[in-house]
Amino acid sequence: MKAKSSSFLKTYSKLLFLVLLLSSSFTFAQNQNIKIIDKPIVFDSTRIKLSLQYLKERHQIPAKTITIEPVMIVLHWTGAKTFSSTFNAFNHATLDGDRKAIAGASNLNVSSQFLIDRDGTIYRLMPENNFARHVIGLNYCAIGVENVGSDDFPLTEAQLLANEQLVRYLAAKYKIQYLIGHYEYTAFKQTPLWKEADPNYQTGKTDPGADFMQKIRVNLKDLSLKGAPAKNK
Ligand SMILES: [Zn+2]
C-alpha cells in the first residue's frame, strides 16, 4: 500500500510538472505573439467599387485592386465613447448623411484597418493591406489604427501598449517608414507622398493627441520610424 501510494505520488508530481511546463510555455508564446481579434466590417461589392473610385478620383491612382502597399501608420481616436458605436459607424459601405464636410469628395464610408478598445483589445476590421478611408491625401499608402476615445476621453495606458505592439507587428511585416498622429497629416501636403485631386480638400484634426504621440514615439524609438515633416511657413 505504501509503495503504491508513493508511485502514485511520483506519477502525480510528474503530471503536475508537465502541466506547469506547458502552461508556462503557452504564456511565453502569447507574450511573443500579438493578440488580434478579427471582427470584419461589411466589405461588399459597393465598398470595393467605391474604394477603387476613391483611389482613381481622389488619389489619381488607376488601381485594379484595393490592395495597398503601406509605408505609413496613422493613429487616430474615434471621438466616440464605445467600441460598438464606432464599429456600427464603419460597418456599411456608404457614408452617413451627417458627414457633410467630406461627402463631396466621395460617398465611400470611412473605416480603418484596426480599432483598439479602451482595455487595449485589438480588433482587425478588414484585411490590413486593403484600402480604407481614414486620412485625406494618404489613404493609398497608410494603415489606420483607430482608438476608442476623444479629447475629453483620453486614451488609456492599455491602448498605448496595444498601439505599440501593433506598430511593431506592422513594421515587421510591411515597409513602414512613417508613424504619425492624424493631426499631423497635412504636413505631407508639401511632399510627393500627398495625393489628393483637390488642393483645398482638408479637415482640421486633433486626434489622437500630441501627448499620446510623444509617449508612443519614446517607446518605439528603436524602430527609427519617421514622423511628419516640419511645415514650411
Ligand atoms: Zn482620425
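**View 1. The largest nonpolar core of this predicted model, with its best-connected members.** Of the 37 residues in this core, the ones that touch the most other members are Met-72, Ile-73, Val-74, Leu-138, Ala-142, Val-145 and Tyr-185. At least two core residues come from each of α2, β2, α3 (83–90), β3, β5, α5 and β6. There's also a second, separate core of five residues, with Trp-77, Leu-155, Phe-212 and Ile-216 among them. As general background, nonpolar side chains in soluble globular proteins tend to be buried together.

**View 2. Zooming in on Met-72 and its contacts.** Skip the neighbours within four places in sequence, and Met-72 is in contact with Leu-138, Cys-141, Ala-142, Ile-176, Gln-177, Tyr-178 and Ile-180. One of those, Ala-142, is also the bridge partner of Met-72 in β5. Both Met-72 and Ala-142 are on the list of core residues that touch the most other members.

**View 3. The open sheet of six strands.** Reading across, the strands come in the order β1-β4-β3-β5-β2-β6, and the pairing is mixed. Which strands stand at the edges? They are β1 (36–38) and β6 (178–181); each has a single partner strand, so one side of each has no neighbour in the sheet. From one strand to the next, the twist averages 25°. Over at the β1 edge, three bridges join β1 to β4 (residues 122–124), and the two run parallel. Look for Ile-37 there, standing opposite Tyr-123 in β4.

**View 4. Strand β5 and its pairing with β2 and β3.** How buried is β5? Six of its six residues are buried, so β5 is largely enclosed by the rest of the structure. Ala-142, Gly-144 and Glu-146 point one way from the strand, while Ile-143, Val-145 and Asn-147 point the other way. Note that the buried set takes in Glu-146 and Asn-147 too. Four bridges tie β5 to β2, running parallel, and three more, also in the parallel sense, pair β5 with β3. On the β3 side, Ile-116 has Asn-147 as its bridge partner in β5.

**View 5. Edge strand β6 beside β2.** These two strands run parallel and are joined by four bridges. One pair to pick out is Ile-73, which stands opposite Leu-179 in β6. Tyr-178 and Ile-180 point one way from β6, and Leu-179 and Gly-181 the other way. Edge position or not, all four of these β6 residues are buried.

**View 6. Helix α5 lying across the sheet strands.** Helix α5 (residues 157–173) lies across β2 (72–75), β3 (114–116), β4, β5 (142–147) and β6, and runs at about 165° to β5. With 17 residues, α5 reaches 25 Å from its first C-alpha to its last, close to the 24 Å expected at 1.5 Å a residue. Its buried residues are Gln-159, Ala-162, Asn-163, Leu-166, Val-167 and Leu-170. Seen down the axis of α5, they fall within an arc of 135°, so they line one face of the helix. In general, an α-helix has 3.6 residues a turn, so residues three or four places apart point the same way. The buried residues of α5 pack against β2, β3, β4, β5, β6 and α6.

**View 7. The other face of α5, with Glu-157.** Turned away from the buried side of α5 is a face that carries the exposed residues Glu-157 and Ala-172. Why does Glu-157 count as exposed? Because Glu-157 has 9 C-beta neighbours inside 10 Å, and the cut-off for exposed is 12 or fewer. The C-alpha atoms of Glu-157 and Gly-120 are separated by 8.2 Å, though the two are 37 residues apart along the chain.

**View 8. Helix α2 and its buried side.** This helix covers residues 45–57, 13 residues in total, and reaches 18 Å from first C-alpha to last, close to the 18 Å expected at 1.5 Å a residue. Buried here are Arg-47, Leu-50, Ser-51, Tyr-54 and Leu-55. They cover an arc of only 140° around the axis, which puts them on the same side of α2.

**View 9. Lys-205 in the loop between β6 and α6 (210–219).** Lys-205 counts as partly exposed, because it has 17 C-beta neighbours inside 10 Å. Not counting residues up to four places away in sequence, Lys-205 touches His-182, Tyr-183 and Tyr-185. His-76 is 129 residues apart from Lys-205 along the chain, and their C-alpha atoms are separated by 9.4 Å.

Terms used
Residues are numbered from 1 along each chain as its sequence is written. This is a predicted model: local features need pLDDT of at least 70, side-chain atom pairs count only at pLDDT 80 or more; totals for chains, interfaces and linings use all residues. Two strands pair if DSSP finds at least two bridges between them. Axes are lines fitted to C-alpha atoms, for helices over the stretch in contact, and angles run from 0 to 180 degrees between N-to-C directions. Two residues are in contact if their C-beta atoms, placed from the backbone, lie within 7 Å. The expected span of a helix is 1.5 Å times one less than its number of residues. A residue is buried if 20 or more other C-beta atoms lie within 10 Å of its own, exposed if 12 or fewer, and partly exposed in between; C-beta atoms are placed from the backbone. The arc is that of the directions from the helix axis to the C-beta atoms. A nonpolar core is a set of buried Ala, Val, Leu, Ile, Met, Phe, Trp, Tyr and Cys residues joined through C-beta atoms within 7 Å.
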